[in-house]
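Hi everyone, thanks for making time for this one. I'd like to walk you through a single model and talk about how its pieces touch one another. Please have a look at it first.

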Amino acid sequence: MAARFCGVLVLLTVFLTGLNASRPAVNQELSNVFDELWRLDVNRMTPGTDYNISVQGRASFVTQGSHVVQDRASLPLFSNVNEDKMKNMTTYSRLITLLDNYERSTGVAERVTTEELTEINLFLDAVLQTEVMKRAHKYLVSKGQSSSNLRQFKSQLQLIWFNLYHRQRNAGLDSCGFEHVFVGETKSGTEIIGFHNWVQFYLQEKNTHLDYKGYKAGYHDLPDQDDHVLNLQFSWHGLVKPVGSAFIGTSPEFEMAIFTVIFLMNTERSTTVVVNIDQCQMELVVIRHGRSLGTAYPKLISSNSRHLRQQRSH
């Protein structure tokens with residue numbers, strides 16, 4: 001009987017180990033760097049003070065491409081945002097000027113005007129002046145991935161985030177990393193792709209173009225109004241995003257910095273790193289499109305230090 005029990009225990013251990021093996025181990029070096037960037041992010045908005053969210057109900061399962069979805073959130077995600085504060089912070093105000101510069105649908109070529117190029121330059125200049133991006137730049141220089149010359153680093157950011165490329169075949173230059181991540185796109189008129197920025201989410205929700213449907217999370221990890229990363233479901237211009245994710249309250253420079261670091265520190269087409277930032281454990285996913293960014297997003301694993309409590313209990 002004891003031998004059979006031990007055998008079952010070994011099989012269970014192997015099974016659980018296999019489950020954990022599917023996720024990369026925590027990258028401690030990047031956790032330390034990103035936690036430092038987190039502490040330097042003075043432009044991060046404070047939940048309960050600068051904004052309020054209501055996570056409401058757990059979203060239902062929806063297949064990709066379906067327009068039929070149960071609404072588990074009768075109220076908007078954002079009940080209040082201090083727009084005056086947001087618009088008085090340079091990186092936010094310059095981000096907002098960029099959000100209406102892009103064609104929503106892939107397959108439609110982007111036309112970048114001289115005015116829009118100026119807006120991109122001003123946004124990058126503002127980002128480069130922040131302590132967050134200065135620290136990220138210093139780290140990348142120390143790793144031999146960026147030049148210490150600020151002008152060359154700015155050109156590197158421009159190539160990664162704003163270089164136009166073909167996302168849809170047989171189309172013009174219809175996309176870029178910034179548009180995909182910060183603005184959001186639609187594909188073939190049937191699905192939402194990208195759209196991982198909370199400022200755009202709030203503004204689109206405020207203008208009734210977007211409807212929050214509920215949160216996505218494990219049954220033992222319920223989100224709350226203080227979480228800075230959310231997995232969520234929403235509709236936008238009549239299309240549904242079954243599972244999306246975004247940082248909440250973080251500054252544009254913080255998001256650009258961490259994803260730029262991952263992009264430049266790896267060469268694989270698709271990279272997933274697991275990091276601990278503040279009280280959250282998350283996966284950060286970066287997918288390349290040649291020398292530019294295809295997509296980048298966070299995926300919450302646990303919040304409120306639950307991963308630390310689990311480690312202490314084993």
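Before I name any neighbours, one cut-off: contact here means heavy atoms within 4.5 Å. And please keep in mind that what you see is a predicted model.

Let me start with Asp50, in the loop between helix H2 (28-40) and strand S1 (51-53). Leaving out residues up to four places away in sequence, Asp50 touches Arg44, Met45, Asn80, Val81, Asn82 and Lys85. Is Asp50 buried or exposed? It is buried, at a relative accessible area of 4%.

One of those partners deserves its own moment. Val81 is part of strand S2 (residues 78-81). Val81 and Asp50 are 31 residues apart along the chain, and their C-alpha atoms are separated by 5.9 Å. Val81 is buried too, with a relative accessible area of 7%. With residues up to four places away in sequence not counted, the contacts of Val81 are Met45, Asp50, Tyr51, Met86, Trp198 and Tyr202. So Met45 turns up in the contacts of Asp50 and also in those of Val81.

Moving along, Ser60 sits in the loop between S1 and S2. Ser60 has a relative accessible area of 10% and is buried. Setting aside neighbours within four places in sequence, Ser60 is in contact with Val69, Gln70, Arg72, Lys216 and Gln233.

Now for the helices. Helix H5 (residues 114-128) has 15 residues, which should span 21 Å at 1.5 Å a residue, and its end C-alpha atoms are indeed 21 Å apart. Which residues of H5 are buried? They are Glu116, Glu119, Ile120, Phe123, Leu124, Ala126, Val127 and Leu128. What do these buried residues pack against? Helix H4 (90-98), H6, helix H7 (150-162), helix H8 (177-183) and H10.

Two of those partners also meet each other. The axes of helix H6 (residues 131-142) and helix H10 (residues 252-265) come within 9 Å, crossing at roughly 10 degrees. Angles under 35 degrees count as roughly parallel, and H6 and H10 are therefore roughly parallel to each other. From H6, the residues involved are Val132, Met133, Ala136, Tyr139 and Leu140; across from them in H10 are Glu253, Phe254, Met256, Ala257, Thr260, Val261, Leu264 and Met265. Sorted by class, this contact has eleven nonpolar, one polar and one charged residues.

H10 itself has 14 residues and reaches 20 Å from its first C-alpha to its last, close to the 20 Å expected at 1.5 Å a residue. Of those 14 residues, 13 are buried, so H10 is largely enclosed by the rest of the structure.

A quick word on cysteines. A disulfide is a covalent bond between the sulfur atoms of two cysteines. How many disulfides does the structure hold? Zero. As for burial, Cys176 is buried, with a relative accessible area of 0%, and Cys280 counts as buried at 8%.

Let me finish by zooming out. The secondary structure comes to eleven helices and ten strands. The protein has 314 residues, and buried ones make up 51% of them. Among contacts with a separation of 6 or more, 66% come from residues 24 or more positions apart. The pair I showed you earlier, Asp50 and Val81, is 31 residues apart along the chain. That's my tour, thanks for listening!

Methods:
Residues are numbered from 1 along each chain as its sequence is written. This is a predicted model: local features need pLDDT of at least 70, side-chain atom pairs count only at pLDDT 80 or more; totals for chains, interfaces and linings use all residues. Side-chain values use heavy atoms; hydrogens and water are left out. Axes are lines fitted to C-alpha atoms, for helices over the stretch in contact, and angles run from 0 to 180 degrees between N-to-C directions. Helices (H or I, at least four residues) and strands (E, at least two) are DSSP runs, numbered from the N terminus. Angles under 35 degrees count as roughly parallel, over 145 as roughly antiparallel, 65 to 115 as roughly perpendicular and the rest as oblique. Ala, Val, Leu, Ile, Met, Phe, Trp, Tyr, Cys and Pro count as nonpolar, Asp, Glu, Lys and Arg as charged, and the others, Gly among them, as polar. A disulfide is a pair of cysteine sulfur atoms within 2.5 Å. Buried means under 20% relative accessible area, exposed over 50%, partly exposed in between (1.4 Å probe, protein chains only). The expected span of a helix is 1.5 Å times one less than its number of residues.
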